[in-house]
Each structure stands twice: as C-alpha cells, then as structure tokens.
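Trainee: Could we go through this structure together, with the reason behind each term spelled out as we meet it?

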Amino acid sequence: MTPGGTPGAPGVVVVTGVGRFLGANVAARLAADPRIERVIGVDPAPPNPELADLLTDVELVRLDLDSLGGLLIDLDVDAVVHLALVTAPDQQQGGRAAMKEQNVIGTMQLLAACQRAPRLRRLVVRSSTAAYGVSFRDPAVFTEETEPREVPRGGFGRDILDIEGYVRGFRRRRPDVTATVLRFAPFIGYTADTTLTRYFAQPVVPTIFGRDPRLQFLHIDDALTVLHRAVAEEHPGTFNVAGPGVLSLSQAIRRAGRVAVPVLEPGLAGVAAIARSLGFGRYGLDQVDLFVHGRVVDTSRLEREFGFTPRSTAAAFDDFVRAHHGGVVVTRDQLAAAEQLVLESIRQVRSTVRERP
C-alpha cells in the first residue's frame, strides 16, 4: 500500500478505458473514495466531452496499453482496473481486426506490464458472461466453474475466453496479486447505451421464430458498485455479476411496449441488415446467438463473497423502459417494413414445410 492510503484499500489506482462511460464512471467513484489516495485514468484518446465533468479529480494520461509498464513502476501503482474492452466491432474504427487488437493483444500487453510492477497488489478485469458461449446443449444455469460447451461464434465471446486465459496465466506468475475477474451480464438501465439497449429501444424488434430465450440483465449502477468494491476490497476469484431472476425475450419486448417481428433463424442476418438500414443499430453473432438460446448465470458466489445482491433483472429492465418511454414512435414506413418482414417469415416457414418429405 502506498504511504498515506487506508489499510485494505490501494493507494494508487490505474483505470484503463476512461475515455468511455464505464471507465470514466468507475474512475470518478474511486477518486471520490477517501480510502484511495490517487486515481490515474489511461486511454489513448481524450474522453468524450460529456464525461469531462466526471473526471475532474482523475489524473488523465493519454497512453496505449503497450506503453503502460513504465507508468506502473514509476508511480508505484497498487491496483489496476482493466476496462478498455470493445464489445462490438466498429467498421469505422477498423472492424473486427481492431477489436481483437484492443481486446486480446491489449490485455496481453497490460498483463505483461502488471507482471513487471513490483508494488502491484490488486488487479480487476472486466469480463462477460459471453465467456460461457451459447448453444442448445447449455445447462439451464451457468456457475463460475461451467466450461463452455462450444466456442462462441461471436468475436467478443472468443476474445473473452482468450482474456480470461491470460489472466489465469498471470495468477500463476504473480500469486501475490489479488486478481478479480467480473463476468458481467449485459448492461441495462437508464444510462446504458449498448447494442442491447438499442435493440430494445427500436420500435420493431426482430426475434427468432419459435424461440423465446431466457435473459438476464445487470443494472449499470450495480456494475459500478461491484467494480468499486472489487478495487477497494479484497475479493480474489471469478464472479458472475447479474441481476437475480430472468425475463423471457417476449416478456422484455412487451414490457418495452415494442412490436416483435419473428423471423426464421437463418434469416436473422438479413433482418439485422434491414434494421441497420432503418437506423436501428447493429447486431453481431454474440447478440444473435443470445436471442436464440439465452443465458442465465448463478450469482450466489457474488452474493456470498461481496455481501451484495444487484437489483433484479426485471427491475433493471423496467428502469431502462422508464427512461426510454415514449422516446421512439413506429412510423408508417417502419410499420410497413415490419409487416413485410412478417409476411416474408411466413412464406419461408411455408416453403420449409412443403420441402419436408
């Protein structure tokens, strides 16, 4: 611990990814914690202007992850919070190749820097329940020990598996460092702006014909609370972090007051393309597979070790709905497009039935 810090809490903390919402909010919470002496936010790009007020007490350093080693040593850093992950490819920022470079190579470089930092005592890594993948052979509920039955098709899920593998190697090389891995369920809430929230915010929501997967969400405020406590306290290990309870996809769509458009599973990519053309956002294989199979995780380890239970999945989703109520209206053109999708789905089903022997 750095002199001047509070026993049990790190004195100097580095937070990666402070240019985005999650990193900026975590850094701000840590900076407001009197137990922590100094918070340094690292990001190669300047933070979004709307986040600037949050970071007034955070020391900002524009730095790539491959240049982090000297900073950790020179500043006697006690803890690192790794939040600089990309959850979906952005074609304007290099697509899938840039996403993998940031997530996988960037994490390798960060862990190499952490390994050389002699005063480091705590490492907190953002992960995801996407680590479990999704398939028809999945168990009803995943625990932290559950191995994925199949390698995830989506890039983010594969990146998460690689990242967690590197963290396991780091734990073996630096057993003196408390390493905490937080597998977050999809974020939702009044402030969350993700691919998933944009999916539910659109007036016409594509779904898989004959599928009604069970889903879990995590309120963004509860994610911030768990991250803060993982840094300020000792919680070694891997933890599922999700809101208790589940919502089926059909329940979520009804709660949001949206129109569901069922399509055949092989045609969802085409529906996603139409949705993008209507300005509804983008969907990758991670999201598509989630909407086919769903995913539910056990959070008893989190509740036991942290003494904290996030608000329920239903409560988190309702908070999101209240924030977006009335914000989107189905236009005549959008409704016509939705009706066309339904008719096309019916034709595909009839065609499939006719072709069966």
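**Reasoning from values to terms**

Mentor: Let us start with a pair of side chains in this predicted model: R153 forms a salt bridge with D289, and the closest N and O atoms are 2.5 Å apart.

Trainee: Why is the contact between R153 and D289 called a salt bridge?

Mentor: The term asks for a side-chain nitrogen of Lys or Arg within 4 Å of a carboxyl oxygen of Asp or Glu. For R153 and D289 the closest N and O atoms are 2.5 Å apart, so the pair meets that definition.

Trainee: What makes this pair a tie between parts of the chain that are apart in sequence?

Mentor: R153 lies in the loop between β5 (122–128) and α4 (155–173), whereas D289 is in helix α9 (residues 285–293), so the salt bridge ties together parts that are 136 residues apart in sequence.

Trainee: How do you know whether R153 and D289 are buried or exposed?

Mentor: Buried means under 20% relative accessible area, and partly exposed lies between that and 50%. D289, at 8% relative accessibility, therefore counts as buried, while R153, with a relative accessible area of 45%, is partly exposed.

Trainee: Which other salt bridge links distant parts of the chain?

Mentor: The side chains of D318 and R255 meet in a salt bridge, at 2.7 Å from N to O. This pair links D318 in helix α11 with R255 in helix α7, 63 residues apart. Both fall in the partly exposed range, because D318 has a relative accessible area of 24% and R255 has one of 37%.

Trainee: How do you know that the length of helix α11 agrees with what is expected?

Mentor: Helix α11 (residues 313–324) has twelve residues, which at 1.5 Å a residue should span 16 Å, and since its end C-alpha atoms are 17 Å apart, the two values agree. Within α11, the buried residues are T313, A316, F317, D319, F320 and V321, and what covers them includes α5 (195–201) and α7 (249–256).

Trainee: What makes R174 and D176 a salt bridge, and which network are they part of?

Mentor: Their closest N and O atoms are 2.9 Å apart, which is within the 4 Å that the term requires, so R174 and D176 qualify. Together with R121, these two residues are linked in a network of salt bridges. R174 is buried, with a relative accessible area of 9%, whereas D176 counts as partly exposed at 40% relative accessibility.

Note on methods:
Residues are numbered from 1 along each chain as its sequence is written. This is a predicted model: local features need pLDDT of at least 70, side-chain atom pairs count only at pLDDT 80 or more; totals for chains, interfaces and linings use all residues. Side-chain values use heavy atoms; hydrogens and water are left out. Helices (H or I, at least four residues) and strands (E, at least two) are DSSP runs, numbered from the N terminus. The expected span of a helix is 1.5 Å times one less than its number of residues. Buried means under 20% relative accessible area, exposed over 50%, partly exposed in between (1.4 Å probe, protein chains only). Contact means heavy atoms within 4.5 Å.
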